[in-house]
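Reader: Please take a close look at the buried interior of this model. Start from the whole chain and work inward, then come back out to the surface.

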Amino acid sequence: RVLFFFFFFSQKNIIMADKYMDKFNSLADQDTDSHVEFFLKSFIFDLGDNWKEVVELSKKFKHYLKDQSEKKDLNHVQASNFLQQNGKTRTGLERKRELQDIDLNSDGRICFIEYLLLHYKVMILKAYYKRHEKEPTENLSNDGVGVTGVGLKLLEELFTLPLGLDPKLIAAIEEFTAKKRAREKKMGKLEKKAAKGGVLGKAARNEIEQMMSQDLTAQNRVELTLNALKKKSKKKSGAVALEAKRKAEEEEKKAKLAAGRNKMAAMAAMFGGAKKTLLNKTEVKVGKTTGLSQKTKLHGKIKNKNVRGKLKHVESPKTEGVPRWAKNSIKKKAEGKE
């Protein structure tokens with residue numbers, strides 16, 4: 001039994017991992033800003049007012065990539081150091097094991113989306129267990145230090161978008177990241193020009209200073225819009241949407257049960273009424289054949305002596321074309337036994 005359970009559980013995990021790995025590999029191949037955008041869509045309500053921390057982390061991650069002469073991801077040693085620099089204090093062994101757990105494609109590299117799964121591991125696991133309406137099986141205290149074997153749960157929750165996520169909020173997140181990406185691209189070009197010096201370099205530096213003031217205003221405006229939409233959508237999403245879905249399912253279940261009962265009652269009434277009608281018609285037919293009046297048939301008595309005499313010579317009432325279940329009842333009533 002233990003072996004069977006282990007085999008079944010392993011197979012289930014493999015199927016679940018295959019379901020998400022193609023999506024994850026496609027996401028991992030994208031740039032850091034795409035990782036920010038997808039992470040915000042998945043966890044915008046769980047992050048609350050701290051969603052901008054993800055944006056700040058992405059800036060630090062990009063700078064660290066540049067310092068390490070890397071393009072889009074880090075090796076485990078570099079990622080371990082970056083983790084330690086950003087407030088996730090662990091022993092060397094703990095960092096090694098936890099990084100291995102979130103290296104979901106097992107390529108020995110940690111991209112930003114994988115780093116976010118480790119940095120926000122406790123928050124994601126709480127969301128996972130809340131959605132499944134279960135108590136955590138891991139110790140999530142102490143910032144989840146040392147917690148491993150949860151890569152599949154993190155992966156599943158990453159690709160499970162919140163219920164009732166407002167399309168306007170999705171559009172606001174996409175607009176935010178698009179403007180951020182465009183701004184950083186332009187800034188990068190200007191910084192290269194500024195580094196060359198001269199007249200063009202000076203002009204580039206002036207443009208950078210103008211962008212720093214103008215873009216901050218525009219960025220703040222986008223942030224305010226996103227925050228307003230987030231608060232509005234929260235009323236229709238997350239736990240509220242989950243509760244509404246549960247109530248709707250319960251109501252649907254009750255409605256189906258009531259409809260089934262009503263259908264059964266209607267069928268019973270229909271067949272019962274048909275049986276009674278057929279029996280009455282048959283009794284009237286037999287009454288006419290044997291010379292019984294309607295009153296005599298009901299009380300089981302003979303109307304007059306002449307009819308009684310004729311009835312003695314009747315061996316059985318005519319039941320031709322009468323269903324078998326009605327024959328005995330008709331026969332007994334005709335003979336006055338009922």
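Author: What follows goes from the whole chain to its interior, and ends in one loop.

The model is predicted, so local features need pLDDT of at least 70 and side-chain atom pairs count only at pLDDT 80 or more, while totals for chains, interfaces and linings use all residues. Residues are numbered from 1 along each chain as its sequence is written, and side-chain values use heavy atoms, without hydrogens and water.

The chain has 14 helices and two strands. Both are DSSP runs numbered from the N terminus: helices are H or I, at least four residues, and strands are E, at least two. Of the 338 residues in the chain, 35% are buried. Buried means under 20% relative accessible area, exposed over 50%, and partly exposed in between (1.4 Å probe, protein chains only). Take the contacts with a separation of 6 or more: residues 24 or more positions apart account for 68% of them. A contact here is heavy atoms within 4.5 Å.

Now the interior. The largest nonpolar core has 53 residues. Such a core is a set of buried Ala, Val, Leu, Ile, Met, Phe, Trp, Tyr and Cys residues joined through side-chain atoms within 4.5 Å. Five residues have the most contacts inside the largest core: Phe-24, Phe-39, Leu-47, Tyr-120 and Leu-158. Helix α2 gives this core its largest share, seven residues. A separate core has six residues, with Met-187, Ala-204, Ile-208 and Met-211 among them. In soluble globular proteins, nonpolar side chains tend to be buried together.

Follow Tyr-120 further. Set aside its neighbours within four places in sequence. Tyr-120 then touches Phe-39 and Leu-47, and also Glu-53, Val-54 and Leu-57.

Next comes α6 (112-119). Eight of its eight residues are buried, so α6 counts as mostly covered. The run starts with Phe-112, Ile-113, Glu-114 and Tyr-115. Leu-116, Leu-117, Leu-118 and His-119 are buried in α6 too.

Helix α5 spans residues 92-102. Its buried residues are Arg-95, Glu-98, Leu-99, Asp-101 and Ile-102. Seen down the axis of α5, they fall within an arc of 155 degrees, so they line one face of the helix. The arc is taken from the directions from the helix axis to the C-beta atoms. An α-helix has 3.6 residues a turn, so residues three or four places apart point the same way. What do the buried residues of α5 pack against? Their partners are α4 (76-85), the strand β2 (109-111), and the helices α6, α7 (121-132) and α8 (151-158).

Last, the surface. The loop between α7 and α8 holds Glu-133, Ser-141 and Asn-142. Glu-133 is exposed, with a relative accessible area of 54%. Asn-142 is exposed as well, at 61% relative accessibility. Ser-141 is partly exposed, at 42%. Ser-141 also lies 8.4 Å from Val-122, C-alpha to C-alpha, with their positions 19 residues apart in sequence.

The backbone of this loop deserves a look. Most residues other than glycine have a negative phi. Glu-133 has a positive phi, near 55 degrees. Asn-142 has a positive phi too, near 55 degrees.
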